[in-house]
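Visitor: I am new to this structure. Could you show it to me and explain the words you use for it?

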Amino acid sequence: MKMHGLGNDFVVLDARASGVPDARVSSELVTPALAQGIGHRHFGVGFDQLAVISDGAGDAHLTFYNSDGSLSAACGNATRCIARFLMQETGKTQLHLTTDRGDLAAQDMGDGLTAVNMGQPQLDWDEIPLAHEMDTLILPIEGAPTATGMGNPHCTFFVDDVIAIDLPHFGPSIENHPLYPERTNVQVAQLIGPDHIRMRVWERGVGVTLASGSSSCATAVAAARRGLTGRVVRIDLDGGTLHIDWRDDGVWMTGPTAHVFSGTLSREFLDSLT
């Protein structure tokens, strides 16, 4: 299936009928070559992330891959897209999903909106992770960004004008910064008001994307920690708007989703990747 949340697009493989348990999806079903092949926007289908649905302890287990074939523990917009699909399939309005990030709750908010609880943010240097112990609120990097973990690492810069930032040039220099041993997602965020942020995203292993759920959560957490906003924020991305609410039980993210089409990968295409 091809899905997107605010233009943050995904290919979703439904592996529930395969009989492969969630713990073996990455080793038995999806190779880096397969992820890269499907992800190519000219020779494959194209995506920001690939997601695989498998049977798990809850309603389903989700495994995520970046377009370079690397694994990602979290992908907020893909989780919302799949949650909407599973709710329509089952008639449920609440779901229990498992990921490498942990257990995530999803809820139908009505009017075509889907919310996912992305869990509590990781604020300690070794959980994000960073290369060594430091204050994660203000990193020793030019621009004084904030580090946050949402199951994947994030680096958030607060700037005067997000459009003025050359993100294709700036993003990779921060993604591969030595303070982030596992690389990082990069956000540039502009404060519009006490509950309103404009943000743009460079995703680790992907590049510039129109939206990112985990990045939106990380930016909302960073802004609240720095006293720039409260814990309930509207975030406007290049592809649309997400609403973030950092509650006692985790960071909730709400927004629209779209299921574009369902299809079958041809044997000829799959054989070309082996």
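Guide: Let us start with a term. Buried means under 20% relative accessible area, exposed means over 50%, and partly exposed lies in between (1.4 Å probe, protein chains only). This is a predicted model: local features need pLDDT of at least 70, side-chain atom pairs count only at pLDDT 80 or more, and totals for chains, interfaces and linings use all residues. Residues are numbered from 1 along each chain as its sequence is written, and side-chain values use heavy atoms, with hydrogens and water left out.

Visitor: Why is E175 called buried?

Guide: Its relative accessibility is 6%. The limit is under 20%, so E175 counts as buried.

Visitor: What makes R183 and E175 a salt bridge?

Guide: A salt bridge needs a side-chain nitrogen of Lys or Arg within 4 Å of a carboxyl oxygen of Asp or Glu. The closest N and O atoms of R183 and E175 are 3.0 Å apart, so the pair qualifies. R183 has 24% relative accessibility and therefore counts as partly exposed.

Visitor: Which residues are joined into one network by salt bridges that share partners?

Guide: They are K2, D9, R41 and D48. In that network, the side chains of D48 and R41 meet at 3.2 Å, N to O. D48 is buried at 6%. R41 is partly exposed at 46%.

Visitor: How many salt bridges are there by this rule?

Guide: The count comes to 14.

Visitor: Why is the pair of F157 and F170 called edge-to-face?

Guide: Rings of Phe, Tyr and Trp (its six-membered ring) pair if their centres lie within 6.5 Å; planes under 30 degrees apart are stacked, over 60 edge-to-face, and the rest tilted. The count comes to one aromatic pair. In F157 and F170, the centres are 4.9 Å apart and the planes differ by 75 degrees, so the pair is edge-to-face. F157 is buried at 3%, whereas F170 is partly exposed at 22%.

Visitor: How do you know that the span of helix α5 agrees with what is expected?

Guide: Helices (H or I, at least four residues) and strands (E, at least two) are DSSP runs, numbered from the N terminus. The expected span is 1.5 Å times one less than the number of residues. Helix α5 has 13 residues (213–225), so it should span 18 Å. Its end C-alpha atoms are 18 Å apart, which agrees.

Visitor: Why is α5 called largely enclosed?

Guide: 12 of its 13 residues are buried, so the rest of the structure largely encloses α5. Among them are G213, C217 and A224.
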